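Let's take a friendly walk through some charged side chains and see which partners they meet. Have the sequence and the 3D view ready as you read.

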Amino acid sequence: MIRGRLAGIGPPVVVGVAGFGLWEGIVWGFGIREFLLPRPSSIMDRLVENWPVLRHAGWETGRIAVSGLVAGVLAGVVLALVTTRFRTLNEGLTPLAIAVNATPIVALAPIFNAWFGITGTLSNQAVVVAIVFFPVFINTARGLTEVHPDELELMRSYAASEWAILREVRIPNALPFFANALRVVAPLSVIAAIVAEYFGGPQDRIGNIITSSAAFARYDVAWAAIAVASAVGLGLFAAALLLERLVMPWRLVDGGSENHNTPGREK
Amino acid sequence: MTEPLEPEAAVVVSGVDKVFNVGSSDEVTALSGIDLTIGAGEFVSLIGPSGCGKSTLLRLIGDLLTPSVGEVTVFGKPAHAARMDQDYGMVFQHAGLFDWRRVAANIELPLELRGWSRADRADRSAEMLELVRLPEFGGHYPRQLSGGMQQRVSIARALSFQPKLLLMDEPFGALDEMTREHMQLELLRIWRETGTTVVFVTHSISESTFLSSRVVVLSARPGRIHSVVDVDLGDRTDATREDPAFFAKATEIREALRADKDDG
Ligand SMILES: Nc1ncnc2c1ncn2[C@@H]1O[C@H](COP(=O)(O)OP(=O)(O)O)[C@@H](O)[C@H]1O
Ligand SMILES: [Mg+2]
């Protein structure tokens, strides 16, 4: 299994290294001005040079992303649980949630500044929460309700309470759906935090470094900040994967049978 | 199997109709005028063409559906009371094991819901795994087992709390012929050892003949009881399947099913 995991890391590393090599070669070979597209080596140099500032910015932006992520995930899960428990609420809220989900939430960032203050971090966190909330809510609610009818009949034949059905069937059934949502929103939370920072909040964050560097034509510094942001995003994605493995050990076993509990499986 | 001559009735279905989607354009009369009495300790099969209402009748007995007309009594009380008293064990075609529970934990689920202690549960699940001949598989996850093994676990789960009535809806329908014949023998052995009452839905003539003490032949549209065939073949073994008496009974059931088709 360990061997399999390591073998899985090999190809992306090779592709990554080759990609950076190609990038470096193209910029150098075609004489593209660094102003338009800096070479990876220059970006690396800026990263080292500005490390204290970038590290601080990455840490602070990461905190916004993580706190918003946690709050958004909790809110999404709690509302999903509440709506599945009370069907009428579900019928009212789900279309509403879908409608709100269709609105471009980052567009709300300037408005959130007015609501939550432009200098503090609250408005930035609010953008992250709003972005994270809907995928988690909708997926978790689906997982809680899309249970095989036989499984519900079985529980009813045991005279099991609604609470027991929720605990023993609905919640475990929803875990893979929740995990899929988490994989999507974990890196998304970093994007949301940076976009929110373009519009307001404290001025020593990744978003601000990107905008101000670009304004002074220091594109190589902007790229270095982007590199830090993508490292944070990757870290959160890896954490989501790790959590998935810890919470759902049954999905790690190799099985010959067809009833893999993947979202959307035909039941 | 020397039951008293007048055994206590396990199930009494009297004057039951079941209509789905009443009043809408897709109204379906699934069952009409069903009267059926099943004695305690009997093994009764329900057979009939697909869509004739076998599963509906099983679900009415199990109080997973309520009759439109008539009533269902189980061990002398309304079906709902029997369900609340946890008298039922159910097995479906789809084994319906929970992926997230190991095999032993799946078998222990109904015991957990009944508030059994951990030690008692472990003892019972070990016993049940023994009964279905899977003693080494308690620690596996369901998806690590073959379809036939999963179905055996599902039966072990249904039997773990010694239900008075076992309701099975085409439990071997998805199995290959070899596994199916093996499972039939296992089920009969378990039935003899536990003395439970079994209502078994199937669309296989040979399966119903082999397993049952009585076969209820249903006809379609609307679902009615066409006839009830007593099957008196003594203790079943693999040899029973080649016994002329077995063929004679299977033929009788086949003709009952065919007669019904000709009527319609
Ligand atoms: N929940 C339901 N709603 C509407 N119609 C149903 C429902 N369940 C069964 N039926 C209908 O009742 C009839 C009998 O179904 P069923 O009992 O599943 O048949 P069988 O198990 O013998 O194949 C069919 O016509 C089916 O379409
Ligand atoms: Mg059926």
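In this predicted model, D220(A) has a relative accessible area of 15%. Because buried means under 20% relative accessible area, D220(A) counts as buried. Its salt-bridge partner is R218(A), and the closest N and O atoms of this pair are 3.7 Å apart. R218(A) is partly exposed, with a relative accessibility of 38%. These two residues also have company: R46(A) and E49(A) are linked with R218(A) and D220(A) in a network of salt bridges.

Now turn to chain B. Here, D85(B) and K77(B) form a salt bridge, and 2.8 Å separates their closest N and O atoms. Which of these two is buried, K77(B) or D85(B)? K77(B) is the buried one, at 18% relative accessibility, whereas D85(B) is partly exposed at 46%.

Stay in chain B and look for helix α6, which covers residues 177-194. Both R189(B) and E186(B) lie in this helix, three residues apart, which is about one turn of the helix. Their side chains meet in a salt bridge, with 3.2 Å from N to O. Are R189(B) and E186(B) buried or exposed? Both are buried.

Finally, step back to the whole structure. How many salt bridges does a search over all chains find? The search finds 27, and among them are the pair of D220(A) and R218(A), the pair of D85(B) and K77(B), and the pair of R189(B) and E186(B).

Definitions and conventions. Residues are numbered from 1 along each chain as its sequence is written. Chains are lettered from A and ligands numbered from 1 in the order in which they are written. This is a predicted model: local features need pLDDT of at least 70, side-chain atom pairs count only at pLDDT 80 or more; totals for chains, interfaces and linings use all residues. Side-chain values use heavy atoms; hydrogens and water are left out. A salt bridge is a side-chain nitrogen of Lys or Arg within 4 Å of a carboxyl oxygen of Asp or Glu. Buried means under 20% relative accessible area, exposed over 50%, partly exposed in between (1.4 Å probe, protein chains only). Helices (H or I, at least four residues) and strands (E, at least two) are DSSP runs, numbered from the N terminus.
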